[in-house]
Amino acid sequence: MAQKMLMMAVLVILGTTMATVTVANPTCLQSLMSCAPYFNNTDVQLPDDCCKPLQQAVATELICLCSLFNLPSLLSSFDIPYVGALRIANQCGVVDIISDCISAPSPAPFP
């Protein structure tokens, strides 16, 4: 019985640690990081190696991107300025999609 309790405690700790890592480093973050050189540079035409990964993330990881854009403090923790990220989304042609998920109301909590 003690072994089962110990094993359960280890699994809970591992599960919590894995969830923390997932939140701390979202999978879609890389799509924004490819644009890092352009966050504060407003005078440059964005290259495909910036926009293509972001467009792909919109197509395949929209919930992840919405989470990032809904938590500007999370973006800034990765040195991504919120305004710069929105500008890049606009220049890459995905700002409307991202804006929809930013302004979307969150589901009501269960009673």
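Which two atoms' distance should you check for C66 and C101, and how far apart are their sulfur atoms? Select both residues: C66 and C101 form a disulfide, with sulfur atoms 1.9 Å apart. Here a disulfide is a pair of cysteine sulfur atoms within 2.5 Å.

Before moving on, note that this is a predicted model, where local features need pLDDT of at least 70, side-chain atom pairs count only at pLDDT 80 or more, and totals for chains, interfaces and linings use all residues. Residues are numbered from 1 along each chain as its sequence is written, and side-chain values use heavy atoms, leaving out hydrogens and water.

**Next stop: C28 and C64.** This disulfide has its sulfur atoms 2.2 Å apart. The pair links distant parts of the chain, 36 residues apart: C28 is in the loop between α1 (2–24) and α2 (29–33), and C64 is in helix α4 (residues 62–70). Helices are DSSP runs (H or I, at least four residues), numbered from the N terminus. C28 is buried at 0% relative accessibility; buried means under 20% relative accessible area, exposed over 50%, and partly exposed in between (1.4 Å probe, protein chains only).

**Then C51 and C92.** Their sulfur atoms are 2.1 Å apart in another disulfide. C51 sits in helix α3 (residues 48–60), and C92 in the loop between α6 and α7 (95–103).

**Last, the loop before α6.** Select D79, in the loop between α5 (72–77) and α6. D79 has a positive phi of about 60° although it is not a glycine. Most residues other than glycine have a negative phi. D79 is exposed, at 66% relative accessible area.

Notes: Helices (H or I, at least four residues) and strands (E, at least two) are DSSP runs, numbered from the N terminus.
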